[in-house]
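This report looks at how a ligand is held in a protein model, and then at a few residues and helices elsewhere in the chain. Please keep the sequence and the structure in view while reading.

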Amino acid sequence: MDKLVITRPDDWHLHLRDDALLASVLPYTCARFSRAVVMPNLDPPITTVAQAAEYRQRILAARPAGSSFTPLMTLYLTDDTSAGEIRKAAAAEFVVGVKYYPAGATTLSAAGVTAIEKVYPALDAMQAADVPLLVHGEATDPTVDVFDRERAFIDQALAPLAQKFPQLRIVFEHITTADAVEFVLAARRGIAATITPQHILLNRNALFAQGLQPHHYCLPVLKRERHRRRVLEAATGGSERFFLGTDSAPHATADKQSACGCAGIFSAHAAIELYAEAFAEAGRLDRLEPFASHHGADFYRLPRNQENITLTKNPWTVSRTLKFGQHDLTPFRAGAEVAWRLEGNDD
Ligand code: NCD
Ligand code: ZN
């Protein structure tokens, strides 16, 4: 199969940053996706509906001319998030969820939740108003091995949380392990997961291929080949519990190529094309459309998109650098080929 026509996809986990940085990266997402769930980890974080409304306006204003891209906003859960703010979020149509970062788990998570008990009132309100919880699922205890943090989080935090709030809808974001796949498949109703392109295309060897590769560093960190295969099987397996979320997370090249490099991989410039490669590897291109264009919309109870996009097997070479405000960034596959091409993309 060299040509694939699918319903225009949505990105259910995306970092857009703000201002000039936002203006640089947003066009790549608008060219491919109809909607995206926008992460709230700005500095300062988006913790209120009023802030989310303003951020949404900045995103709308930064769209390329003619784009009908729709940002779906999230709030950043903190120890102080009130039940009242959750009720406001439930009433605001443009807010689709609340993001739970365990404090210290990842980039700009310092304002995150320090102890889960502190957010029980907010979670109660979310359960009552049916507002989904979007979870960065990694244990933050520094004594837990970095490759085991997702598994530890499932046992210590996620499984008990899903039980304590049995009606709360939960998205386990950017899953990376076989453990996460098994948890989601066996979980009660209302639990789903997003999957990134890097976690189904790469294993942890990519971090150390001929030297340290900072542009392959993201959180959760890449895992062993066994986990990559199981996550790819989940993405391509047809279960409606798994859907596309790129976690495209731009950082300036200088911040990644540093003595203490930031976590985050930028994939928005080739996102759907990269998923097509992974699905082709699995021999399941026929399952790309439900994963990319149906399951997420169904979970969030939004209509599926109407228009189509066309992908062709026609390799192209990714630029070595892209503009990022006053800086530049190094995109996923920089200087190398991507096998699939989006029709109308002349990069
Ligand atoms: C994200 C970022 O840079 O904002 N980084 C990452 O490695 N994925 C934060 C996140 O989603 O963990
Ligand atoms: Zn993310």
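Strands, as the word is used here, are DSSP runs of E with at least two residues, numbered from the N terminus. With that convention, Arg333 is found in the loop that lies between strands β12 (327-329) and β13 (337-342). The model is a predicted one, and the statements below should be read with that in mind.

**A loop arginine**

Arg333 has a relative accessible area of 22%; because buried means under 20% and exposed means over 50%, this residue is classed as partly exposed. Arg320 is 13 residues away from Arg333 along the chain, and the C-alpha atoms of the two are separated by 8.3 Å.

**The ligand site**

Which residues come nearest to ligand 1? There are 15 residues around the ligand, and of these Asn41, Thr106, Leu219, Asp247 and His251 come nearest. Sorted by class, the shell consists of four nonpolar, nine polar and two charged residues. Ligand 1 sits in the largest cavity, and its oxygen atoms take part in the polar contacts listed here, one with a side chain and two with the backbone.

| Residue | Protein atom | Distance to an oxygen atom of ligand 1 |
|---|---|---|
| Thr106 | N or O atom in the side chain | 2.6 Å |
| Ala263 | polar backbone atom | 3.2 Å |
| Gly264 | polar backbone atom | 3.1 Å |

Taken on its own, ligand 1 has 310 Å² of accessible area, and the protein covers 100% of that area.

**Helices α10 and α11**

How many of the residues of helix α10 are buried? The helix spans residues 271-281 and is mostly covered, with nine of its 11 residues buried. The buried residues are Ala271, Ile272, Glu273, Leu274, Tyr275, Ala276, Glu277, Ala278 and Phe279, a list that includes Glu273 and Glu277 alongside residues such as Leu274 and Phe279. As a general point, an α-helix has 3.6 residues a turn, so residues three or four places apart point the same way. After α10 comes Gly283, whose phi is positive, near 70°.

Helix α11 covers residues 288-299, and His295 has its place in it. Is His295 buried or exposed? Its relative accessible area is 9%, and because this falls under 20%, His295 counts as buried. A polar atom of the His295 side chain also lies 3.2 Å from the backbone oxygen of Ser239.

How values were computed:
Residues numbered from 1 in each chain as written. Chains lettered and ligands numbered in written order. Predicted model: local features only at pLDDT ≥ 70, side-chain atom pairs only at ≥ 80, totals over all residues. Heavy atoms only, no water. Near = heavy atom within 4 Å. Polar contact = N/O pair within 3.5 Å; in protein donor to acceptor, adjacent residues only side chain to side chain. Areas by Shrake-Rupley, 256 points an atom, 1.4 Å probe, with all protein chains shown as cover. 1 Å grid on protein atoms, 1.4 Å probe; cavity = no way out; pocket = protein on both sides within 12 Å on 5 of 7 lines; lining within 4 Å. Sits in = over half its atoms within 2 Å of the grid points. Nonpolar A, V, L, I, M, F, W, Y, C, P; charged D, E, K, R; others polar. Buried < 20%, exposed > 50% of the residue type's maximum accessible area, 1.4 Å probe, protein only. Helix = DSSP H or I, 4+ residues; strand = E, 2+ residues; numbered from the N terminus.
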